[in-house]
Amino acid sequence: MGPSCWSVGQYACIQTGIKFSVTQQAGKGKKTTLFSTKGNQSTRENIVNVFGAKTLTALVPLDLNLELEPTSGPSQRWSTQEDGGKKDIRIVGHISRPASGEGRQTPDRQMFFVNSRPCGLPQVAKAFNEVYKAYNASQSPFVFANIELDTHMYDVNVSPDKRTILLHDQTRMLENLKTALTELFESQDYTVPISQLPAQKQPSYKQLTISRENAASAKTPQTPTESTEGEDSEDGSRASRREPSTDDDSQRKPYNPNFRRGRCPENL
């Protein structure tokens, strides 16, 4: 997207209820439509028409409220106004989800507005990028930020094209912006890559040693102990099997002193 087309794209994103159609034609070639909006009622739908639906899936709503107290400094022109009270600044829009893979490789899609006027705010852009890179160091965010504030808090008469705007008390505003943006990111359940987490010293653990005796007892199951009565009955049955059967004395043959092995009694 060229510079002129990018400028028109910013207007197409911020203006609701208005249809935009941007085309290009090289020589006598075919006319090509770069993007077109449909008179949407929200900037969210405009972003889809200009950059595609895929861009929107990586964005989260941006709604920050900054409160500045009046000071007597010479650069704070708005503090000398009759109202003299606190000034509220609201920043609404969309920003990339602060997680790995959700941003862009370059900061080529960052749009800033003051009361819906497209403008260049390099210090504000720097603040957005610094906070975002604390959560996603390898990428830059898509930023669509409309700064709504009282007309006494800025000056548009800086450059002929009115795109350079001077913000009064910009330093304090940026400090509050960084704090509010950090709170927004912290309040969401975003996943931060482990590689981006600060290095922490891991606690040291004592090496676990297992003795041989403990290991053997852990591996060998214990045999259940048998009752004494069972042992007695088993021993008794074994003893009964070992003892020979005893016959009565009347059934034994009388002892013959003339009997010798291998000789019959009648040969004696």
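This passage walks through the nonpolar cores, one helix, one buried polar residue and some salt bridges of a predicted model.

The natural place to start is the inside. In soluble globular proteins, nonpolar side chains tend to be buried together. Here, the largest nonpolar core is made up of 35 residues, and Ile91, Val124 and Phe128 have the most contacts inside it. Six elements each put in at least two residues: strands E3 (59–68), E4 (87–96), E5 (110–114) and E7 (143–148), along with helices H4 (122–133) and H5 (170–187). H5 gives the largest share, with seven residues. A second core, of 17 residues, lies apart from this one, and Cys5, Ile14, Phe142 and Phe144 are among its members.

Phe128 gives a good feel for how the largest core is put together. Setting aside residues up to four places away in sequence, Phe128 touches Leu62, Ile91, Ile95, Phe112, Val143, Ala145, Leu177 and Leu181. One of these partners, Ile91, is itself listed with Phe128 among the residues with the most contacts inside the core.

Next comes helix H4, which also holds Phe128. Its length works out just as it should: at 1.5 Å a residue, its 12 residues should span 16 Å, and the C-alpha atoms at its ends are indeed 16 Å apart. The buried residues of H4 are Val124, Ala125, Ala127, Phe128, Asn129, Val131 and Tyr132. An α-helix has 3.6 residues a turn, so residues three or four places apart point the same way. As for what they meet, the buried residues of H4 pack against E3, E4, E5, E7, strand E9 (166–167) and H5.

Not everything tucked away is nonpolar, and Gln110 in strand E5 is a case to look at. With a relative accessible area of 14%, Gln110 falls under the 20% cut-off and therefore counts as buried. What does its side chain make polar contact with? One partner is the side chain of Asn129, at 3.0 Å. Another is the backbone oxygen of Pro141, which the Gln110 side chain reaches at 3.0 Å. Asn129 is one of the buried residues of H4, so this polar contact joins two buried residues. Leaving out neighbours within four places in sequence, Gln110 is in contact with Trp6, Ala125, Asn129, Ser140, Pro141 and Val143.

That leaves the charged pairs. Side chains of opposite charge can pair when their charged atoms come close. Across the whole structure, five salt bridges turn up. One of them joins Lys178 to Glu130, with the closest N and O atoms 2.9 Å apart. Because Lys178 sits in helix H5 and Glu130 in helix H4, the pair ties together parts that are 48 residues apart in sequence. Both ends are partly exposed, Lys178 at 33% relative accessibility and Glu130 at 39%.

Another salt bridge runs between Glu102 and Arg97, where the closest N and O atoms are 3.6 Å apart. Glu102 is partly exposed, with a relative accessible area of 27%, and Arg97 is partly exposed too, at 24%. Asp169 and Arg172 form a salt bridge as well, their closest N and O atoms being 2.4 Å apart. Is Asp169 buried or exposed? Its relative accessible area is 9%, so Asp169 is buried, while Arg172, at 24%, counts as partly exposed.

Technical notes:
Residues are numbered from 1 along each chain as its sequence is written. This is a predicted model: local features need pLDDT of at least 70, side-chain atom pairs count only at pLDDT 80 or more; totals for chains, interfaces and linings use all residues. Side-chain values use heavy atoms; hydrogens and water are left out. A nonpolar core is a set of buried Ala, Val, Leu, Ile, Met, Phe, Trp, Tyr and Cys residues joined through side-chain atoms within 4.5 Å. Buried means under 20% relative accessible area, exposed over 50%, partly exposed in between (1.4 Å probe, protein chains only). Helices (H or I, at least four residues) and strands (E, at least two) are DSSP runs, numbered from the N terminus. Contact means heavy atoms within 4.5 Å. A polar contact is a pair of N or O atoms within 3.5 Å; within protein, one must be able to donate a hydrogen and the other to accept it, and residues adjacent in sequence count only if both atoms are side-chain atoms. A salt bridge is a side-chain nitrogen of Lys or Arg within 4 Å of a carboxyl oxygen of Asp or Glu. The expected span of a helix is 1.5 Å times one less than its number of residues.
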